[in-house]
Amino acid sequence: MTVQTEHDGAKELLQHENAQSGASPIDERDAPVFQLPAIDALKAMTAHLTELARVTGDVPTTPYAQQQPQSSEDPNQDIIAEKQMPTVSITELHCASDASAGSPSAGVIQHNVLVKRFYSKKAPPISLEDYLLRLHKYCPMSTAVYLAASLYITRMVFTEKALFVTPRNVHRLVLAALRVAMKALEDLSYPHARFARVGGVAERELTRLEITFCFLTDFDLRVDAHALLCQNNLLNGTPAPTESNKNTSIGASNIPTTEAAEVQA
């Protein structure tokens, strides 16, 4: 099967899914997203997230906590904030609407617990670029998965303002985003054990990150060809196509294990 035939097949499949769900058919102006090489989407996402982490710097794990304000000069601010956070298990998590139904602070507490789970004690020694190239080498993913993962994080940072991207959370954040995007968009996904091993986390920890990421996005994981193309244009600094009826908001055995603990908390 030629590359063009594969692209046409993917396009027809997405059109069929849109028809079944009642979504608008794919606009021909959005078709270029099917010709984008996966490695180009990966590099664009890497540059975008690396710059976000560089600009943000190292901030506390709970920047949105409604607690008594700490002095910005206090070097123990992050440690104090972490000690004040209660322990919440996966089974105690609730959707945003459920969390807000209780006390006003319940949603804030849960949100801060979720955000904290992506933080490592210190920034991993491996650069984000090398980390993602490692993932692409042993678990290569499609252009759509890379763009969707980038879109999810972009929405959380700029539209929802749910978290910051920092050197201490970007590796685990993008690992969870890729795992969620793969399951949301692809018919098949890599075995959980393999993806965890390549990502440098325990299988249980990957499960926790995946579930936590879904809660932070409020399970809003649906994307279409136009949204992916807009995200690609955003990553590459080109204007996104606009139209009144378009939504352009951005809102295992052969795997080396030498870096297996590099993104652990």
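**Group meeting: helix packing around α8, α9 and α10**

Okay, let's start with one residue: E205 is found in helix α10. Keep in mind as we go that this is a predicted model. So, is E205 buried or exposed? E205 is buried, because its relative accessible area is 16%, and the cut-off for buried is under 20%. And E205 has a partner: its side chain makes a polar contact of 2.5 Å with the side chain of R172.

Now let's look at the helix that carries E205. Helix α10 covers residues 203-216, and it packs on helix α9, residues 192-199. Two packed helices are described by the angle between their axes and the distance between the axes. For α9 and α10, the angle is about 95° and the axes are 9 Å apart. Angles of 65 to 115 degrees count as roughly perpendicular, and therefore that's what we call α9 and α10. Who is touching whom here? On the α9 side you've got H192, A193, F195 and A196, and on the α10 side E203, L206, T207 and E210. It's a mixed bunch: four nonpolar, two polar and two charged residues.

Next, stay with α9 but turn to its contact with α8. These two axes come within 11 Å and cross at roughly 155°. Anything over 145 counts as roughly antiparallel, so α8 and α9 get that label. The crossing of α8 past α9 is right-handed. From α8, the contact uses L175, L178, R179 and M182; from α9, it uses H192, F195 and G199. Sorted by class, we have four nonpolar, two polar and one charged.

By the way, H192 and F195 may sound familiar: they turn up in the contact with α10 and again in the contact with α8.

Last pair: α8, residues 170-185, with α6, residues 128-138. How do their axes sit? They come within 10 Å and cross at roughly 30°. That is under 35 degrees, which means α6 is roughly parallel to α8. Here too the crossing is right-handed. L128, Y131, L132 and L135 of α6 meet V170, H171, V174, L175 and L178 of α8. What classes do these residues fall into? Eight are nonpolar, one is polar and none is charged.

And notice L175 and L178 on α8: they meet α6, and they're also in the contact with α9.

To wrap up, α9 is roughly perpendicular to α10, α8 is roughly antiparallel to α9, and α6 is roughly parallel to α8. Thanks, everyone!

Note on methods:
Residues are numbered from 1 along each chain as its sequence is written. This is a predicted model: local features need pLDDT of at least 70, side-chain atom pairs count only at pLDDT 80 or more; totals for chains, interfaces and linings use all residues. Side-chain values use heavy atoms; hydrogens and water are left out. Axes are lines fitted to C-alpha atoms, for helices over the stretch in contact, and angles run from 0 to 180 degrees between N-to-C directions. Helices (H or I, at least four residues) and strands (E, at least two) are DSSP runs, numbered from the N terminus. Contact means heavy atoms within 4.5 Å. Ala, Val, Leu, Ile, Met, Phe, Trp, Tyr, Cys and Pro count as nonpolar, Asp, Glu, Lys and Arg as charged, and the others, Gly among them, as polar. A crossing is left-handed if the near helix is turned anticlockwise from the far one by less than a right angle, and right-handed if clockwise. Buried means under 20% relative accessible area, exposed over 50%, partly exposed in between (1.4 Å probe, protein chains only). A polar contact is a pair of N or O atoms within 3.5 Å; within protein, one must be able to donate a hydrogen and the other to accept it, and residues adjacent in sequence count only if both atoms are side-chain atoms.
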